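These are my notes from going through one chain, entry by entry. I wrote down what I looked up and what I found.

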Amino acid sequence: MKKFIILFLLLCSHSFLQAQTQNLHQFKMKDIDGKEVDFSSLKGKKVLIVNTASKCGNTPQYAVLEELYKKYGGDKFTIVGFPANNFMRQEPGTNAEIKEFCTSKYAVSFLMMEKISVKGNDIDPLYKWLTTKELNGKADYEVGWNFSKFLIDENGNVAGHVSPSKSPDCEEIINFITK
């Protein structure tokens, strides 16, 4: 019985440590222009990850995200947008069309990635990590709509989640950035 308990504790601690070692910095993905982005380049920065859509009631959040990026972006903070067509087909465009929309309508200058799936059977591995406690070491989260926001600390760990209905300049996000 004693050996069983020790084995059980070792297995549990291994799972816990494995969950803690996975972080944003392990991912490489393509930006909206098809160029590879190694997220290890974001070490030391707080990151706001947002799934976006061009034809959503929350689409005006692009303007607030850009203001946030202009005010706080730099060596200590950045924003990464992930276009996704998971909710009522509100992001039907190609990467080129999405880029054109974001730059012409909202002057987006923060990093935009290629269109991915943020839920379902074809969920992108990054979003699988973001939403699964056993992978992110923090909590299970649901991406319930466009403009769900994930807070990532300087070490690449999930620090929290903010609902799509909250503005990107809400107190929770500002406190995350500034503290």
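**Entry 1. Cores.** Which residues have the most contacts inside the largest nonpolar core? I am working with a predicted model, and in it the answer is Phe-39, Ile-49, Phe-82, Leu-126 and Tyr-127, in a core of 25 residues. I then looked up where the core residues come from. β3, β4, α4 (125–131) and β6 each supply at least two of them. The largest share, 4 residues, comes from α4. A second, separate core has 21 residues, and I noted Phe-110, Phe-147, Val-162 and Cys-170 among them. As background, nonpolar side chains tend to be buried together in soluble globular proteins.

I followed up on Leu-126. Leaving out residues up to four places away in sequence, Leu-126 touches Leu-24, Phe-27, Met-29, Ile-49 and Phe-82. Of these, Ile-49 and Phe-82 are also on the list of residues with the most contacts inside the core.

**Entry 2. Overall layout.** I went back to the whole chain. I count 6 helices and 7 strands, and along the sequence they follow the pattern α-β-β-β-α-β-α-β-α-α-β-β-α. The chain has 179 residues, of which 45% count as buried. The exposed area is about 9600 Å², with carbon and sulfur atoms supplying 54% of it. For contacts between residues at least 6 apart in sequence, I find that 66% join residues at least 24 apart.

**Entry 3. The sheet.** What is the strand order in the open sheet of 5 strands? I read it as β5-β4-β3-β6-β7, with mixed pairing. β5 and β7 are the edge strands, each pairing on one side only.

I took the pairings of β3 in turn. With β4, β3 pairs in the parallel sense over 7 bridges. Two of the partners I checked are Val-50 with Gly-81 and Asn-51 with Phe-82. With β6, β3 pairs in the antiparallel sense over 4 bridges, and here Val-47 has Ile-152 as its bridge partner.

Are the faces of β3 covered or open? Both are covered: Lys-46, Leu-48, Val-50 and Thr-52 lie on one side, Val-47, Ile-49 and Asn-51 on the other, and all are buried. That agrees with the count for the strand, where 7 of 7 residues are buried.

**Entry 4. Helix α2.** I looked at the connection between β3 and β4 next. β3, α2 and β4 make a right-handed β-α-β unit. I checked the length of α2, residues 61–72: at 1.5 Å a residue, its 12 residues should span 16 Å, and the end C-alpha atoms are 16 Å apart, so the two agree.

Which residues of α2 are buried? I have Gln-61, Tyr-62, Val-64, Leu-65, Glu-66 and Leu-68. In an α-helix, residues three or four places apart point the same way, because there are 3.6 residues a turn. The buried residues of α2 pack against β3 (46–52), β4 (77–83), α3 (95–106), β5 (111–112), β6 (149–152) and α6 (171–178). Just after α2, I noted Gly-74 with a positive phi of about 150 degrees.

**Entry 5. The β6–β7 hairpin.** β6 and β7 run antiparallel and are joined by 4 bridges. One bridge I looked up pairs Phe-150 with His-161 in β7. The two strands form a hairpin with 5 residues between them. β7 is an edge strand, yet 4 of its 5 residues (158–162) are buried, so β7 is largely enclosed by the rest of the structure.

I finished on Gly-156, in the loop between β6 and β7. Gly-156 has a positive phi of about 85 degrees. Is Gly-156 buried or exposed? Its relative accessible area is 0%, so Gly-156 is buried. I looked up what Gly-156 touches, again leaving out residues up to four places away in sequence, and found Asn-23, Leu-24, His-25 and Trp-129. Leu-24 had already come up as a contact of Leu-126. Finally, Gly-156 and Val-47 are 109 residues apart in sequence, with their C-alpha atoms 8.1 Å apart in space.

Key. Residues numbered from 1 in each chain as written. Predicted model: local features only at pLDDT ≥ 70, side-chain atom pairs only at ≥ 80, totals over all residues. Heavy atoms only, no water. Buried < 20%, exposed > 50% of the residue type's maximum accessible area, 1.4 Å probe, protein only. Contact = heavy atoms within 4.5 Å. Areas by Shrake-Rupley, 256 points an atom, 1.4 Å probe, with all protein chains shown as cover. Expected span 1.5 Å × (residues − 1). Core = buried A, V, L, I, M, F, W, Y, C linked by side-chain atoms within 4.5 Å. Pairing = 2+ DSSP bridges. Right-handed = clockwise from strand over helix to strand, strands pointing away.
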